[in-house]
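Subject: Structure for you to look at

Dear colleague,

Please find the structure below, as promised. My notes follow it.

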Amino acid sequence: MVCAVGCSLPATTFEAYRSKAAEAAQEVVSQARTAILAAHLAGQDRLLGTAVTAQLKAAETAAAAVVESFASVQPPDARADHLRARILPVLERASDAITRMRFEAKRGHTAALLGLRSSLIEPTGVLEQWADSNA
C-alpha cells in the first residue's frame with residue numbers, strides 16, 4: 001500500500017521517477033513471490049484450492065494497483081520515458097501472470113497453475129535484479 005500511495009505522487013526529476021519505478025518493482029516482486037509460493041504449495045497439495053485462490057486474488061489486486069499507480073505517473077524527461085518503456089511492460093507481464101494463475105486456480109487446474117508459475121519466474125527475476133540495482 002505504501003507504494004500505491006507513493007507512486008501516485010508526481011515525479012519531478014529522473015531520480016524521483018527511478019525511485020518510484022524501483023518501489024513498484026519491489027512490490028510486484030513481493031506479490032509475484034506470493035503467487036509462486038501459493039502455486040508451489042498447491043502443487044504439493046499443501047494448500048486448499050480456496051486458500052490458493054484467495055492468496056492469488058490478494059496478490060493480483062495488490063500487483064494490479066501498483067502497476068496502475070506507476071503507469072499513471074508522468075515521466076519528467078526523456079530518460080524517464082525510456083525507463084518507463086523498459087519497466088512498465090515487465091510489471092504488466094508479471095501482474096497479468098498472477099491474474100492468469102488465479103483463473104487456473106479457481107478452475108482447479110493445478111498443472112496449468114504450475115505452468116504459469118514458471119512463466120512468472122522470468123519477469124520476477126528481471127524486476128528483482130533491476131530493483132536491487134536501482135533502489
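Does G115 count as buried, exposed or partly exposed? With a relative accessibility of 41%, G115 counts as partly exposed. Please bear in mind that this is a predicted model.

G115 belongs to helix α5. Its C-alpha is 18 Å from that of A59, and 56 residues separate the two in sequence. A59 is one of the buried residues of α3.

Overall picture

The chain has 5 helices and 0 strands, and along the sequence the pattern reads α-α-α-α-α. The radius of gyration is 15 Å; a compact globule of 135 residues would have one near 14 Å, so the chain agrees with that expectation. Along the principal axes, the C-alpha atoms fill a box of roughly 50 × 25 × 20 Å.

Of the 135 residues, 43% count as buried. Among contacts with a separation of 6 or more, 76% are between residues 24 or more positions apart. The exposed surface of the chain comes to about 7,000 Å², with 56% of it supplied by carbon and sulfur atoms. As for charge, there are 14 positive and 14 negative charges, and their mean positions lie 4 Å apart.

Helix α5

Helix α5 runs over residues 110–134 and has 25 residues. From first C-alpha to last it reaches 36 Å, close to the 36 Å expected at 1.5 Å a residue. The buried residues in α5 are L113, L116, L120, P123, T124, L127, W130, A131 and N134. The cover over these buried residues includes α2 (14–43), α3 and α4 (78–107).

Helix α3 and E60

Helix α3 has 23 residues and spans 32 Å between its first and last C-alpha, close to the 33 Å expected at 1.5 Å a residue. Its buried residues are V52, T53, L56, A59, E60, A63, V66, V67, S69 and F70.

E60 sits in this helix, which covers residues 49–71. Why does E60 count as buried? Its relative accessibility is 10%, and buried means under 20%. Leaving aside residues up to four places away in sequence, E60 touches I98, T99 and R102.

Helix α2 and the loop after it

E15 is part of helix α2. It is partly exposed, with a relative accessible area of 45%. E15 and A80 are 65 residues apart in sequence, while their C-alpha atoms are 8.8 Å apart in space.

The loop between α2 and α3 contains D45. D45 has a positive phi of about 55° although it is not a glycine. Most residues other than glycine have a negative phi. D45 also counts as exposed, because its relative accessibility is 71% and the cut-off for exposed is over 50%.

If you have time for a few places only, I suggest these as starting points:

- E60, buried in α3 at 10% relative accessibility, and its contacts with I98, T99 and R102.
- D45, with its positive phi of about 55°.
- The buried residues of α5, including L113 and W130.

Best regards

Note on methods: Residues numbered from 1 in each chain as written. Predicted model: local features only at pLDDT ≥ 70, side-chain atom pairs only at ≥ 80, totals over all residues. Heavy atoms only, no water. Helix = DSSP H or I, 4+ residues; strand = E, 2+ residues; numbered from the N terminus. Rg over C-alpha atoms; globule rule 2.2 N^0.38 Å. Buried < 20%, exposed > 50% of the residue type's maximum accessible area, 1.4 Å probe, protein only. Contact = heavy atoms within 4.5 Å. Areas by Shrake-Rupley, 256 points an atom, 1.4 Å probe, with all protein chains shown as cover. Lys, Arg positive; Asp, Glu negative; His and termini not counted. Charge placed at Lys NZ, Arg CZ, Asp CG, Glu CD. Expected span 1.5 Å × (residues − 1).
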